[in-house]
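Biologist: I am new to this structure and would be grateful for a close look at a single part of it. Please choose one element and describe its course, its packing and its surface.

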Amino acid sequence: MIATEEHWQLLFSTDHPFQRPSRTEIDKFLTGFPTDAARELFAAGNARALFGIS
């Protein structure tokens, strides 16, 4: 799924209301990350760091 180890460069975003993935599609996508840490960075950690949220 992800061809780079640079997970700190990725952020989650949506194009509401145009894309409406199902819970199954979201779960399948998120299981493609190589580690829990990489998944957490993508899902929330990178945005927290970018916006200074603790």
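Modeller: The account below follows one helix and its surroundings.

This is a predicted model, in which local features need pLDDT of at least 70 and side-chain atom pairs count only at pLDDT 80 or more, while totals for chains, interfaces and linings use all residues. Residues are numbered from 1 along each chain as its sequence is written, and side-chain values use heavy atoms, with hydrogens and water left out.

The protein has two helices and zero strands; helices (H or I, at least four residues) and strands (E, at least two) are DSSP runs, numbered from the N terminus. The part chosen here is helix α2, residues 36-51. Its 16 residues should span 22 Å at 1.5 Å a residue, and this agrees with the 22 Å between its end C-alpha atoms; the expected span is 1.5 Å times one less than the number of residues. Even so, α2 has a kink of about 60° centred on phenylalanine 42, the bend at a residue being the angle between axes fitted to the seven residues ending there and the seven starting there.

Phe42 is also one of the buried residues of α2, together with Ala38, Gly45 and Asn46. Buried means under 20% relative accessible area, exposed over 50%, and partly exposed in between (1.4 Å probe, protein chains only). These buried residues of α2 pack against α1 (23-30), where a contact means heavy atoms within 4.5 Å.

Two salt bridges involve residues of this helix. A salt bridge is a side-chain nitrogen of Lys or Arg within 4 Å of a carboxyl oxygen of Asp or Glu. Aspartate 36 pairs with arginine 39, their closest N and O atoms being 2.3 Å apart. Because they are three residues apart in helix α2, aspartate 36 and arginine 39 are separated by about one helical turn. Aspartate 36 is exposed at 57%, whereas arginine 39 is partly exposed at 23%. Arginine 48 pairs with glutamate 40, again with closest N and O atoms 2.3 Å apart. Arginine 48 is partly exposed at 32%, as is glutamate 40 at 34%.

At the end of the helix, phenylalanine 51 is exposed, with 60% relative accessibility. Together with Leu50 and Ile53, Phe51 forms a nonpolar surface patch of about 360 Å² of accessible area. Patches are made of residues with over 30% relative accessible area and no salt bridge, with like charges joined within 9 Å and nonpolar side chains (Val, Leu, Ile, Met, Phe, Trp, Tyr) within 5 Å; accessible areas come from the Shrake-Rupley method with a 1.4 Å probe, and for residues only the protein chains shown count as cover. Just after α2, glycine 52 takes a positive phi of about 70°.
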